[in-house]
Amino acid sequence: ALSIIYSRHWNLENGVCLMIAILFVVTSVLRIVPNIILDTLLVLSIPLSSSSKLLQINGLYRMKSSGDVSLITWLLTTYGCAARVFNTLVELSDITMLAGFMIKLTLNITIVVQILYYGNKQKKTD
């Protein structure tokens with residue numbers, strides 16, 4: 001729905017986004033989707049969301065510099081993930097969610113440590 005607002009014109013991509021948003025809202029409100037599908041989607045989201053962090057970790061390692069990566073942004077992301085881990089431990093007993101948040105927290109901490117370790121070092125050119 002936001003893509004329609006910000007693009008200021010209608011196209012097929014915006015129509016697909018709108019249909020997916022409507023489908024998501026309807027299925028969420030009516031609780032049509034079986035729990036097994038929701039659990040499967042939850043498990044599939046772990047490698048999907050972790051892949052971008054792994055690419056970021058690899059990029060920082062190869063550059064040996066944090067470049068334009070924001071320490072504040074990653075600290076806030078790490079804090080938010082730690083809060084989700086704590087909330088999952090206290091309020092829920094869902095091992096799948098806890099495992100996903102723990103993996104994400106570990107990857108976020110790795111990125112923060114890399115940013116602190118490498119800093120904004122410029123590569124030396126000869």
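This report describes the helices of a predicted model, two of their packing contacts and a few residues around them.

**Overall composition**

In this predicted model, the secondary structure of the protein consists of five helices and zero strands, so that the elements, read from the N terminus on, run α-α-α-α-α. Of the 126 residues in the protein, 22% are buried, and the accessible surface comes to about 9600 Å², with 69% of that area belonging to carbon and sulfur atoms. Among the contacts with a separation of 6 or more, 68% are accounted for by residues 24 or more positions apart.

**Helix 5 and its two partners**

Helix 5, which covers residues 95–118, has an axis that comes within 9 Å of the axis of helix 4, residues 71–91, and the two cross at roughly 155 degrees. Because of this angle, helix 4 is roughly antiparallel to helix 5, the cut-off for that description being an angle over 145 degrees. The crossing of helix 4 and helix 5 is left-handed. From helix 4 the contact draws on residues including Leu71, Trp74, Leu75, Thr78, Cys81, Val85 and Leu89, and from helix 5 on residues including Met97, Leu98, Phe101, Leu105, Ile109, Val112 and Leu116. Sorted by class, the residues in the contact of helix 4 with helix 5 are 17 nonpolar, four polar and two charged.

Helix 3, residues 35–63, also packs against helix 5, with axes that come within 10 Å and cross at roughly 10 degrees. Helix 3 is therefore roughly parallel to helix 5, since angles under 35 degrees count as such. On the side of helix 3 the contact includes Leu42, Val43, Ile46, Lys53, Ile57, Leu60 and Tyr61, while on the side of helix 5 it includes Thr96, Gly100, Ile103, Leu107, Gln114 and Tyr118. By class, the contact of helix 3 with helix 5 contains 13 nonpolar, eight polar and two charged residues. Met97, Lys104, Asn108, Ile111 and Ile115 of helix 5 are listed in the contact with helix 4 and also in the contact with helix 3.

**Individual residues**

The table gives the place and relative accessibility of four residues.

| Residue | Place | Relative accessibility |
|---|---|---|
| Leu60 | helix 3 | 1%, buried |
| Ser66 | loop between helix 3 and helix 4 | 5%, buried |
| Thr78 | helix 4 | 12%, buried |
| Lys64 | loop between helix 3 and helix 4 | 38%, partly exposed |

Which residues does Leu60 contact, leaving aside its neighbours within four places in sequence? Leu60 is in contact with Ser65, Ser66, Val69, Ile111, Gln114, Ile115 and Tyr118. For one of these partners, Ile111, which lies 51 residues apart from Leu60 along the chain, the two C-alpha atoms are separated by 8.0 Å. Leu60 counts as buried because its relative accessibility of 1% falls under the 20% cut-off.

Ser66, in the loop between helix 3 and helix 4, touches Leu60, Ile115, Tyr118, Gly119 and Asn120 when residues up to four places away in sequence are not counted. The C-alpha atom of Ser66 is separated by 7.3 Å from that of Lys121, although the two residues are 55 residues apart along the chain. At 5% relative accessibility, Ser66 is a buried residue of this loop.

Thr78 belongs to helix 4 and, with residues up to four places away in sequence not counted, touches Leu105, Asn108, Ile109 and Val112. These four partners of Thr78 are listed among the helix 5 residues in the contact of helix 4 with helix 5.

Lys64 is placed in the loop between helix 3 and helix 4 and has a positive phi of about 55 degrees although it is not a glycine. Most residues other than glycine have a negative phi. With a relative accessible area of 38%, Lys64 is partly exposed, whereas Ser66 in the loop between helix 3 and helix 4 counts as buried.

Notes
Residues numbered from 1 in each chain as written. Predicted model: local features only at pLDDT ≥ 70, side-chain atom pairs only at ≥ 80, totals over all residues. Heavy atoms only, no water. Buried < 20%, exposed > 50% of the residue type's maximum accessible area, 1.4 Å probe, protein only. Contact = heavy atoms within 4.5 Å. Areas by Shrake-Rupley, 256 points an atom, 1.4 Å probe, with all protein chains shown as cover. Axes fitted to C-alpha atoms, helices over the stretch in contact; angles between N-to-C directions. Parallel < 35°, antiparallel > 145°, perpendicular 65-115°, else oblique. Left-handed = near helix turned anticlockwise from the far one by under 90°. Nonpolar A, V, L, I, M, F, W, Y, C, P; charged D, E, K, R; others polar.
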